[in-house]
Amino acid sequence: MTDEPVTDGKGFGAIAWPIRTERLEIRPATEADGPATWHYRRQESVTLWITRAQPDRELYLADFTEPSRLAKTLVIVLDGRVIGDLMLAIEDAWAQAEVRDRARAVQAELGWSLDPAYTGNGYATEAVAELIRICFEELHLRRVIAQCFANNESSWRLMERVGMRRESHDVRGSLHRSGEWLDGLTYAMLADEWRSARTGAL
Ligand SMILES: CC(C)(COP(=O)(O)OP(=O)(O)OC[C@H]1O[C@@H](n2cnc3c(N)ncnc32)[C@H](O)[C@@H]1OP(=O)(O)O)[C@@H](O)C(=O)NCCC(=O)NCCS
């Protein structure tokens, strides 16, 4: 096993999908998952917070099936049904010019959406905890981050449930489609922190 980050350009590396957790399956999204994700991604409680709220089904599906989007999207499956999706976007860390090569593809930004019919059962917690394990144990990344509007309490509480640390709270730094400038939060976790927490839990 290598400690080098996976930099194959596909992001998900040579992982044996699907990955199973106690109740769920996680696997890379395919074009065929478009309609199932549209079912919940068009619902108001979800569109309120996600980056793109696309009200037109065909445009949504065209966007969902973009290779660059599929390449960073996983789906959460419960009993054969897609109940949510995850973003795993591998990216470079900031670095000074002379060491930039060593900072390529070493971290990931994570994201998530769950069908409102399935919230409140710990499914997102289970899926995101596994996503973090994948990042550190399978992809050998050194850091994961996630961002949300400060008003999106469900999302930042999820980050805290999976052990991420609040790193920044920016004041009115992010424009919501309502036209309002809102506070934003960034959470992160380092591979070292994840390993220590796991060891401590044993
Ligand atoms: C963010 C989001 C995924 C969180 O969903 P969620 O249902 O709150 O999270 P979980 O599935 O982990 O469920 C946690 C809840 O189930 C409860 N729960 C029940 N069984 C549980 C278990 N086995 N493990 C953990 N929690 C459990 C928890 O107590 C918690 O309830 P609470 O919020 O009343 O305290 C969801 O709100 C969502 O999709 N929002 C819209 C999209 C969005 O905001 N995306 C992020 C943009 S930044």
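**Notebook: helices and aromatic rings**

I began with helix 6, residues 153-161, where I found Ser155, Trp156, Leu158 and Met159 buried. These residues lie on the same side of helix 6, because they cover an arc of only 150 degrees around the axis. I note here that I am reading a predicted model.

I then looked up what the buried residues of helix 6 pack against, and the list holds strand 5 (107-114), helix 5 (123-138), strand 6 (143-149), strand 7 (165-175) and strand 8 (181-190). Staying with Trp156, I saw that the charged end of arginine 166 sits over the ring of tryptophan 156, at 5.0 Å from its centre. Just after helix 6, I noted glycine 163, which takes a positive phi of about 95 degrees.

Next I turned to the aromatic rings. How many aromatic pairs does the structure hold? I have four in my notes. One of them joins tyrosine 60 and phenylalanine 64, and I recorded this pair as stacked, with 6.0 Å centre to centre and 20 degrees between the planes. Both residues belong to helix 3 (residues 57-64), where they are four residues apart, about one turn of the helix. Are tyrosine 60 and phenylalanine 64 buried or exposed? I found both of them buried.

Phenylalanine 136 and tryptophan 194 form another aromatic pair, which I entered as tilted, at 5.6 Å centre to centre and 45 degrees between the planes. Phenylalanine 136 lies in helix 5 and tryptophan 194 in helix 7 (residues 191-201), so this pair ties together parts that are 58 residues apart in sequence. I checked the burial of each partner: phenylalanine 136 is buried, with a relative accessible area of 0%, and tryptophan 194 also counts as buried, because its relative accessibility of 9% falls under the 20% cut-off.

I went back to helix 3 to see which residues its ring pairs reach, and found that ring pairs link Tyr60 and Phe64 with Trp38 into a cluster. Trp38 led me to helix 1 (residues 34-41), in which Gly34, Thr37, Trp38, Tyr40 and Arg41 are buried. What covers these buried residues of helix 1? My list includes helix 2 (44-47), helix 3, helix 4 (67-70), strand 3 (73-78), strand 4 (81-91) and strand 5. I close with strand 5, which appears in two of my entries: among the elements that the buried residues of helix 6 pack against, and among what covers the buried residues of helix 1.

Key
Residues are numbered from 1 along each chain as its sequence is written. This is a predicted model: local features need pLDDT of at least 70, side-chain atom pairs count only at pLDDT 80 or more; totals for chains, interfaces and linings use all residues. Side-chain values use heavy atoms; hydrogens and water are left out. Buried means under 20% relative accessible area, exposed over 50%, partly exposed in between (1.4 Å probe, protein chains only). The arc is that of the directions from the helix axis to the C-beta atoms. Contact means heavy atoms within 4.5 Å. Rings of Phe, Tyr and Trp (its six-membered ring) pair if their centres lie within 6.5 Å; planes under 30 degrees apart count as stacked, over 60 as edge-to-face and the rest as tilted. A charge sits over a ring if NZ of Lys or CZ of Arg is within 6 Å of the ring centre and within 35 degrees of the ring normal.
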